[in-house]
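Hello,

Here is the structure I promised to pass on to you. Have a look at it first, and then read on for my notes.

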Amino acid sequence: MILSCNRISKAFGTDQVLSEVSFHIEDQEKAAIVGINGAGKSTLLKIIVGQLAADQGDVVLSKGKTMGYLAQHQDLDSSRSIYEELKEVKRPLIDMEQQIRSLELQMKNASGQELEQMLTTYDRLNHAFELANGYAWQSEVMGVLKGLGFREDEQDKVVSTLSGGQKTRVSLGKLLLSKPDIILLDEPTNHLDMESISWLETYLLNYNGAVAIVAHDRYFLNRVVGKVVELEQGRCSVYLGDYTAYSEKKAMVRAAQMKAWLNQQQEIKHQEEVIAKLKSFNREKSIKRAESREKMLAKIDVLEKPAEIHDEMRIRLEPNITSGNDVLSVRDLGKSFGEHILFSHLDMDIRRGERVALIGNNGTGKTTLLKIINRMTPADTGAITLGAKVHIGYYDQEHHVLHMEKTAFEEIQDAYPNLANTQIRNILAAFLFTGDDVFKRISDLSGGERGRVSLAKLMLSEANFLILDEPTNHLDITSKEILEHALQSYTGTVLYVSHDRYFINQTATRILDLTGQTLVNYIGNYDYYLEKKSQRAETALRTPASAADGKAEDAPAMSEVKQNWKAQKEEQARVRKRQNDLKKTEDEIQRLESRDSSIDEQLQQEEVYTDVEKLLELNREKEDIRLKLDALYQQWEELAE
């Protein structure tokens, strides 16, 4: 165990955020901390790293272990370039390397005892340098920079001039390069594009340390974590498995709790009715029996009602006007900013009922394309044609459609005066605004809360063609699920930009990948897109070789660069497979060793060692485990080499 949180409690005024939260994280374990916005996830991380003091409880980090923390918002104020800032993390290794080179020069002119002392120091430094993988520090820095999406032409930018999102990526890079024993990450994927998120997943999966992540990216959590720590109404529950396993177990637990509570409430009501009836007889015997039942009822340990299930509330979207079959036609569209070409000769058709996800790396022009379609930004070339009876509803990341001086209730009421108060409250409740929350001013709401109000307005509109720019940004998981269900049942047409792969998987019927200044079409969800993209990449690699086989005299040989690239990819694939096999072997060894220990405990029990048949059965199993472990240990050694 590397980290233990014991009975952590924290309140802000009368608001009890955390109440006796306890959990632990093992060495090399990858865990998620989940909960709705306001559940106390970031507060808990700040308490763990010592930025906030808990009202009670304690945090224990194993002796000699180091901890790294990435907050949601970074305000780095450095005059260094991006590359120099990340390089600074490796300063101890750089200084050690300089010391080694200096000793090499000095030893040329040294002799006797002085030389012996230098050689001793040289050997010690070299050993420490190699243990710290010193010869690879430059490639590590470049690998992290590339993985986090920093192009070579960006790496000379001064850190203090960067945007908040870029600073967060720099901070994340520094944290990963410092390699602490446990990493705490608060929404690490917020400012990463899909390629960078995929790279981070692989990095964390192979990270030789523990990781605790606060994130709303369910696809990311499914790939990375094996434990989920849930915060709900200040309390903590721990589930083993990825996010999907947690979600399924949570639903089962909640259903069982609700059933037990309802059964108990029914029994209490029944007993109260019996007591009232007995008392109504007004006889000594019946009154005594009633009193006896009252005493029994008073001793019942009344179950607490399970928390309200927000995600049970569903909204159904039905456009008032049905559009024609052809909703959008884009032909030969082009857009540049100065010499920077975003895209050119784009063609796209969208038909009624489709839910199209527009994906691509940051800076490829996805938001610009949406704004051009919505007539907010002019195109340089090309034509856009909307179909018959098409009415656009647009959701932007900045929430320009909201009035800051109004309350959430007034925002809906003024936009849709025909709605009854109860209907407005139900709509807002579907987006997690309950009680007095509906009377909060828009200006006082968080970015995520404003996003939910914007979506609520949009869902009520008469639009039959929804254009959404990052609709899940700042939404908690429950809010995302509400939106997913709403879009799945929507009979209109949807075009949206999103980096949320789980959301895309749940809602998209088609994917358009904006890459290389053009669009590539995939008819399916995100998993289908990954599968087909991988197949296309393999086909592209095989095609030159096949052509060369068939027409050796005409086709040029594959370039040396491409050969090197292919060899590198094949080596990476071999390494990944070996790492996966190693992990599976370790898991199987752990399972068998655990079973072997369990058998040893059983063999010490009297009811077992006096039962000859059971004793023989366990000994046979123990011998079988021993043989399997011998083979697995050998297999592990070969893989570990």
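I will begin with one side-chain pair: Gln28 and Asn208 are joined by a polar contact of 2.3 Å between their side chains. Please keep in mind throughout that this is a predicted model.

Gln28 belongs to the loop that runs between strand 2 and strand 3 (30–34). Apart from residues up to four places away in sequence, Gln28 touches Asn208, Gly209 and Ala210. Its relative accessible area is 47%, so Gln28 counts as partly exposed, since that class covers values from 20% to 50%. For a sense of scale, Gln28 and Val302 are 274 residues apart in sequence, and their C-alpha atoms are 41 Å apart in space.

Now to the strands around that loop. Strand 1 (residues 3–12) and strand 2 (residues 15–25) pair in the antiparallel sense, with seven bridges between them. Two of the facing positions are easy to find: Ala11 is opposite Gln16 of strand 2, and Cys5 is opposite Phe23 of strand 2. The two strands make a hairpin with two residues between them, and Gly13 in the turn has a positive phi of about 70 degrees.

That hairpin is part of an open sheet of three strands, in the order 2-1-4 and with antiparallel pairing. Strand 2 and strand 4 (56–61) are the edge strands; each has a single partner, so one side of each has no neighbour in the sheet. On average, neighbouring strands here are turned by 20 degrees against each other, ignoring direction.

There is another open sheet to look at, also described as having three strands, with the order 11-10-13 and antiparallel pairing. Its edges are strand 11 (340–351) and strand 13 (381–386), and because each has a single partner strand, one side of each is left without a neighbour in the sheet. The twist from one strand to the next averages 10 degrees. Strand 10 (residues 326–337) runs antiparallel to strand 11, and eight bridges join them. Within that pairing, Val330 has Met348 of strand 11 as its bridge partner.

A word on what holds both sheets together: strands of a sheet pair through backbone hydrogen bonds, either parallel or antiparallel.

Next, the aromatic residues. The structure holds 11 aromatic pairs. In one of them, the ring centres of Phe409 and Phe439 are 5.9 Å apart and the planes stand at 40 degrees, so the pair is tilted. Phe409 lies in helix 12 (residues 408–415), while Phe439 lies in the loop between helix 13 (421–430) and helix 14 (447–460), so this pair ties together parts that are 30 residues apart in sequence. Which of the two rings belongs to a buried residue? Phe409 is buried, at 9% relative accessible area, whereas Phe439 is partly exposed, at 44%.

Tyr496 and Phe503 give another pair: their ring centres are 5.3 Å apart and their planes are at 65 degrees, so the pair is edge-to-face. Tyr496 is buried, with 0% relative accessibility, and Phe503 is buried as well, with a relative accessible area of 0%. There is also an aromatic cluster, formed by Tyr219, Tyr522, Tyr526 and Tyr529.

Charged groups sit over rings in two places worth opening in your viewer. The charged end of Arg169 is over the ring of Phe150, 4.4 Å from the ring centre. Lys335 lies over the face of Phe337, at 5.0 Å from the centre of the ring.

Finally, a residue further along the chain. Asp596 is placed in helix 18 (residues 560–603). Is Asp596 buried or exposed? Its relative accessible area is 19%, and buried means under 20%, so Asp596 counts as buried. Leaving aside neighbours within four places in sequence, Asp596 is in contact with Lys622 and Ile625.

If you would like a starting point, open the Gln28 and Asn208 contact of 2.3 Å, and then go on to the hairpin of strand 1 and strand 2.

Best wishes

Technical notes:
Residues are numbered from 1 along each chain as its sequence is written. This is a predicted model: local features need pLDDT of at least 70, side-chain atom pairs count only at pLDDT 80 or more; totals for chains, interfaces and linings use all residues. Side-chain values use heavy atoms; hydrogens and water are left out. Two strands pair if DSSP finds at least two bridges between them. Helices (H or I, at least four residues) and strands (E, at least two) are DSSP runs, numbered from the N terminus. Axes are lines fitted to C-alpha atoms, for helices over the stretch in contact, and angles run from 0 to 180 degrees between N-to-C directions. Rings of Phe, Tyr and Trp (its six-membered ring) pair if their centres lie within 6.5 Å; planes under 30 degrees apart count as stacked, over 60 as edge-to-face and the rest as tilted. Buried means under 20% relative accessible area, exposed over 50%, partly exposed in between (1.4 Å probe, protein chains only). A charge sits over a ring if NZ of Lys or CZ of Arg is within 6 Å of the ring centre and within 35 degrees of the ring normal. Contact means heavy atoms within 4.5 Å. A polar contact is a pair of N or O atoms within 3.5 Å; within protein, one must be able to donate a hydrogen and the other to accept it, and residues adjacent in sequence count only if both atoms are side-chain atoms.
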